[in-house]
Amino acid sequence: MFLSQLRGELRKLFARRRTYLGYVVFIVFEVLILTLWVKVGRDKVAELAERNLIPMEQLYSSLTSTYWIMGGSMFLLGSIYFALVGGDIVAKESEDGNLRMVLSRPVSRLRVLLLKYFAVVIYTVTFVIFVGITGYGMSVLALGAGGGLFVWNPNLYILSVYPEWGEGFIRLFVGACFMGLSMCVVSSLAFFFSCFKMKPAAATIMALSVFFIDFVLQNMPFLRGVKHVFITYRMENWAYLLQEEIPWARIVESYTILSGLNISLFIVGWMVFQSRDFKT
Amino acid sequence: MLRIENLKKRFAGKKALKGISFEVKRGVIHGLLGHNGAGKSTTLGIVLAMISADGGEVFIDGVSVQKEQVKALRKVGAIFEAPSFYDYMSGWENLKVLVGLSGKFDHGQALDIVERVGLSDRIHSKVGAYSHGMRQRLALAQALLPEPEILLLDEPTDGLDPEGIKWFRDFIVNLRNERGMTVLFNSHLLSEVELMCDRVSIIREGALVFEGDVNDLRDDRLGFKISAEPIDVLKSVVDEFGGEWLTKSRCLFPPEHRVANVVERLVGAGAKVHEVTPVRRSLEDVYLEFSKESSCS
């Protein structure tokens with residue numbers, strides 16, 4: 001029964017036009033970044049390849065451009081859409097009065113929230129995978145299917161080269177899945193605020209505020225030594241899956257912390273939601 | 001079927017319910033009457049576990065809503081004053097999502113109910129394009145699925161046109177007659193309660209001021225509309241018979257007084273009686289009377 005109810009929740013989510021806003025923006029963004037990559041980026045990439053003694057086909061490839069599309073945009077651009085959907089999921093229904101209809105049915109509030117939370121998580125993960133697939137598809141159209149993967153992340157001190165397409169693809173795919181899990185933190189934050197008695201826009205802004213404050217603090221030079229305490233640093237740890245020697249201990253630690261945070265946000269959000277009165 | 005025991009609720013320190021208790025018997029249409037802000041919707045909210053009670057308990061068919069919410073609400077269907085559906089989905093999709101929360105969505109049963117409420121032609125249109133009357137029919141359909149034993153209606157006819165109100169009223173009365181449906185009907189429309197309900201509870205400022213049979217209320221006293229002058233003679237007769245002024249020229253007399261006696265006394269005192277019209281006391285009179293009594297005490 002839970003699965004059929006979850007299907008209903010997803011049906012509601014994907015029946016709304018604003019759910020697709022992020023998809024449209026990302027497709028436009030992918031076209032834009034690939035156009036720039038082809039028109040302007042080629043010379044710069046050639047220069048970088050020559051300076052670092054890396055074969056050009058590994059830098060100027062569909063996998064590498066997909067990495068740039070995802071890694072460069074998901075954090076700042078994707079977070080807006082995850083916060084928008086997460087912030088809406090409870091607060092909008094509460095504001096519109098739909099929750100009265102839902103809560104008048106024989107269903108517990110915990111189940112209602114679980115359905116909504118799972119719907120948001122599914123949206124987040126599938127969105128990241130969607131960006132990966134469309135980004136790669138467009139890159140293949142623009143640059144061709146072959147080539148390896150070049151990864152450079154100065155913040156995490158990662159510099160890796162995968163000359164073989166197969167290994168590069170697997171690394172990028174697994175990385176994208178973990179990136180999806182990381183982005184669930186933004187959705188969880190927005191979901192958490194959405195459980196309070198507030199407008200959907202307020203829940204979205206609150207979630208984005210927390211996320212960006214954390215991001216800004218993490219990048220302060222004088223806080224570099226304690227970067228590991230920031231959520232956004234932990235969220236970035238998906239990129240370690242693209243490092244040649246994968247630091248599994250660090251990845252397990254980060255994703256345990258992020259999962260704990262998600263669960264805590266859900267539980268506190270549920271307690272708030274449970275204590276609320278919904279006037280008929 | 002529904003038992004409400006000593007419900008208490010405060011909002012921001014203000015008492016919204018002051019210990020309300022009443023019972024709705026199986027197969028009865030029970031009106032919950034009161035002015036706006038009297039506490040009717042709060043009572044309904046507590047019955048549906050949407051509002052937590054500060055004290056008291058609600059039982060639906062013997063099951064406590066506060067202790068076993070999901071089990072208790074399995075027998076309930078509810079309709080609100082302005083039903084809020086997902087406007088971007090069709091009526092049918094709305095039904096599937098909402099009824100799915102109660103368990104399995106039965107296609108055949110849903111089609112049957114949709115036909116009964118007269119929405120077959122438009123059930124696959126987006127709800128955003130529905131009129132208020134159609135929304136209310138859809139609300140009725142979702143409330144009747146899967147198979148409730150009690151319907152809770154919160155001012156369901158507000159905003160409907162006269163034809164819509166009559167249709168709705170007839171539909172609910174038929175449900176009671178044919179299926180033995182129990183109904184709790186919240187309203188401030190006295191005429192609606194009078195036309196539909198078997199029993200009535202009157203709430204004023206969070207307290208129950210009356211509970212009883214609608215017919216008993218209507219028939220227990222007879223009023224007379226009297227137009228006579230001079231006014232001071234009329235006043236002295238009203239005082240003598242224990243009558244009660246409703247308006248400048250209208251008063252009520254207890255049933256033990258016969259109209260002939262009142263008129264004889266007026267004429268005897270030299271008054272000119274222009275008109276004497278028997279007036280059946282309406283529920284509105286009763287409501288105002290009980291409200292007044294309650295506020296005096």
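In strand S4 of chain B, Arg3(B) has Phe59(B) as its bridge partner, and Leu2(B) is matched there with Ile60(B). This is a predicted model, and these two pairs belong to the run of five bridges that joins S1(B) to S4(B), residues 55-60, in antiparallel fashion. S1(B) has another partner too: eight bridges link S1(B), residues 2-11, to S2(B), residues 14-24, and these strands are again antiparallel. Leu2(B) turns up here as well, standing opposite Val24(B) in S2(B). The hairpin of S1(B) and S2(B) has two residues between its strands, and Ala12(B) takes a positive phi near 50 degrees in that hairpin.

Put together, these strands give an open, antiparallel sheet of four, ordered S2-S1-S4-S5 in chain B. S2(B) and S5(B), the latter spanning 63-64, sit at the edges with a single partner strand each, so one side of each has no neighbour in the sheet. Helix H1 of chain B, residues 40-47, packs on this sheet and touches S1, S2 and S4 of chain B. The direction of H1(B) makes about 115 degrees with that of S1(B).

Chain B also holds an open sheet of six strands, this one with mixed pairing and the order S6-S7-S8-S3-S9-S10. Its edges are S6(B), at 76-79, and S10(B), at 207-213, each pairing on one side only. From one strand to the next, the twist averages 15 degrees. Inside the sheet, S7(B) (residues 150-154) and S8(B) (residues 182-187) run parallel and are joined by five bridges. Leu153(B) stands opposite Phe185(B) of S8(B). As for helices, H5 of chain B, residues 132-143, lies across S6(B) and S7(B) and runs at about 170 degrees to S6(B).

Then there is the interface. Here 27 residues of chain A are in contact with 35 residues of chain B. The two chains bury about 2800 Å² between them, with 57% of that on carbon and sulfur atoms. For polar contacts, the rule finds 18 residue pairs across the interface of chain A and chain B, both residues being at pLDDT 80 or more. On the chain A side, four helices each supply at least two of the residues that touch chain B: H1 (2-14), H4 (62-96), H5 (98-103) and H6 (109-143). H5(A) gives the most, with five residues. Sorted by class, the side of chain A that touches chain B comes out at nine nonpolar, seven polar and 11 charged residues.

How many salt bridges are there between chain A and chain B? The count is one. That salt bridge is formed by Asp277(A) and Lys9(B), whose closest N and O atoms are 2.8 Å apart.

Over all chains, the count of salt bridges by this rule comes to 27. One of the pairs is Glu9(A) with Lys116(A), whose side chains meet at 3.0 Å, N to O. Glu9(A) lies in helix H1 of chain A and Lys116(A) in helix H6 of chain A, so this pair ties together parts that are 107 residues apart in sequence. Both of those helices also appear among the ones that each supply at least two residues to the side of chain A that touches chain B.

Technical notes: Residues are numbered from 1 along each chain as its sequence is written. Chains are lettered from A and ligands numbered from 1 in the order in which they are written. This is a predicted model: local features need pLDDT of at least 70, side-chain atom pairs count only at pLDDT 80 or more; totals for chains, interfaces and linings use all residues. Side-chain values use heavy atoms; hydrogens and water are left out. Contact means heavy atoms within 4.5 Å. Buried area is the accessible area (1.4 Å probe) that two parts lose on being put together, summed over both. A salt bridge is a side-chain nitrogen of Lys or Arg within 4 Å of a carboxyl oxygen of Asp or Glu. A polar contact is a pair of N or O atoms within 3.5 Å; within protein, one must be able to donate a hydrogen and the other to accept it, and residues adjacent in sequence count only if both atoms are side-chain atoms. Ala, Val, Leu, Ile, Met, Phe, Trp, Tyr, Cys and Pro count as nonpolar, Asp, Glu, Lys and Arg as charged, and the others, Gly among them, as polar. Two strands pair if DSSP finds at least two bridges between them. Axes are lines fitted to C-alpha atoms, for helices over the stretch in contact, and angles run from 0 to 180 degrees between N-to-C directions.
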